[in-house]
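Thank you all for coming; I would like to walk you through one structure this morning, going slowly for anyone who has not seen it before. Please have the sequence and the model on your screens as I talk.

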Amino acid sequence: MNKIFPFNKFVTGLNIIKANGGPLNAFKKLFRHDELKIGTLVGTDEMGNRYYENNLYFYGRNRWVEYNEKVFLNYDASQIPAEWYGWIHYKTDLLPHNDPNRPKYKWMAKHTENETGTEREYVPYSTMPPKIQAWVPPNKN
């Protein structure tokens, strides 16, 4: 009977939708992340990102981040702080709040995301004339 109608797949799908907050929230999450997963919330960072883990998934797919709702579709990997980088990339199994060897000094700067491609990007000022001149097509008069 399971070969004709796989009940366990249907039940698993319903559980995933239920764990993601119902059909509407599951659709929103599917739109933003292209997949729905069930996992244990292991922590959040100062930017509002949530980090999950589920060891029933394959290694390499069992840890993931759900970026803050504020950024909507403008999320990228530079929004993961250095504290969580090691955990999400399997460099360590210790969470940032459980790692005793993680340095915390007053002079350490807070994490900022990469702003390349935005209006706040860094553009250096140059006093040198350009070495290459742009080609200007001749007029057809």
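Arginine 32 sits in helix α2, and I should say straight away that what we are looking at is a predicted model. With a relative accessibility of 5%, arginine 32 falls under the 20% cut-off, and therefore it counts as buried. If we leave aside the neighbours within four places in sequence, arginine 32 is in contact with Tyr67, Asn68, Glu69, Val71, Phe72, Leu73 and Tyr75.

Let me stay with the helix for a moment. Helix α2 covers residues 22–33, and at 1.5 Å a residue its twelve residues should span 16 Å, which agrees with the 16 Å that separates its end C-alpha atoms. Which residues of α2 are buried? They are Gly22, Ala26, Lys29, Arg32 and His33, and because they cover an arc of only 125° around the axis, they lie on the same side of α2. These buried residues pack against α1, which is residues 7–19, and against β3. On the face of α2 that is turned away from this buried side we find the exposed residues Pro23, Leu24, Phe27 and Phe31. Just after the helix comes aspartate 34, which takes a positive phi of about 65°.

Now to one of the contact partners of arginine 32, namely glutamate 69. Glutamate 69 is placed in the loop between β3, residues 63–66, and α3, residues 82–88. Its side chain makes a polar contact with the side chain of arginine 32, at 3.5 Å. Outside its neighbours within four places in sequence, glutamate 69 is in contact with Arg32 and Arg50. As for valine 136, it is 67 residues from glutamate 69 in sequence, and the two C-alpha atoms are 46 Å apart in space.

Arginine 50 takes us to the strands. Strand β2, residues 50–53, runs antiparallel to β3, and four bridges join the two; in that pairing, arginine 50 stands opposite glutamate 66 in β3. Strand β1, residues 40–44, also pairs with β2 in the antiparallel sense, over four bridges, and here threonine 44 stands opposite arginine 50. What lies between β1 and β2? The two form a hairpin with five residues between them, and glycine 48 in the turn has a positive phi of about 95°.

In a regular strand the side chains alternate between the two faces of the sheet. In β3, Arg63 and Val65 point one way while Trp64 and Glu66 point the other way, and all of them are buried.

Val65 also brings me to my last topic, the largest nonpolar core, which has nine residues: Val42, Tyr51, Val65, Tyr67, Ile80, Trp84, Trp87, Ile88 and Leu95. The largest share of this core, three residues, comes from α3. If you would like one member to look at on your screen, take valine 42, which, not counting residues up to four places away in sequence, touches Tyr51, Tyr52, Glu53, Trp84, Trp87, Leu95 and His97.

Methods:
Residues numbered from 1 in each chain as written. Predicted model: local features only at pLDDT ≥ 70, side-chain atom pairs only at ≥ 80, totals over all residues. Heavy atoms only, no water. Contact = heavy atoms within 4.5 Å. Polar contact = N/O pair within 3.5 Å; in protein donor to acceptor, adjacent residues only side chain to side chain. Core = buried A, V, L, I, M, F, W, Y, C linked by side-chain atoms within 4.5 Å. Buried < 20%, exposed > 50% of the residue type's maximum accessible area, 1.4 Å probe, protein only. Expected span 1.5 Å × (residues − 1). Arc of directions from axis to C-beta. Pairing = 2+ DSSP bridges.
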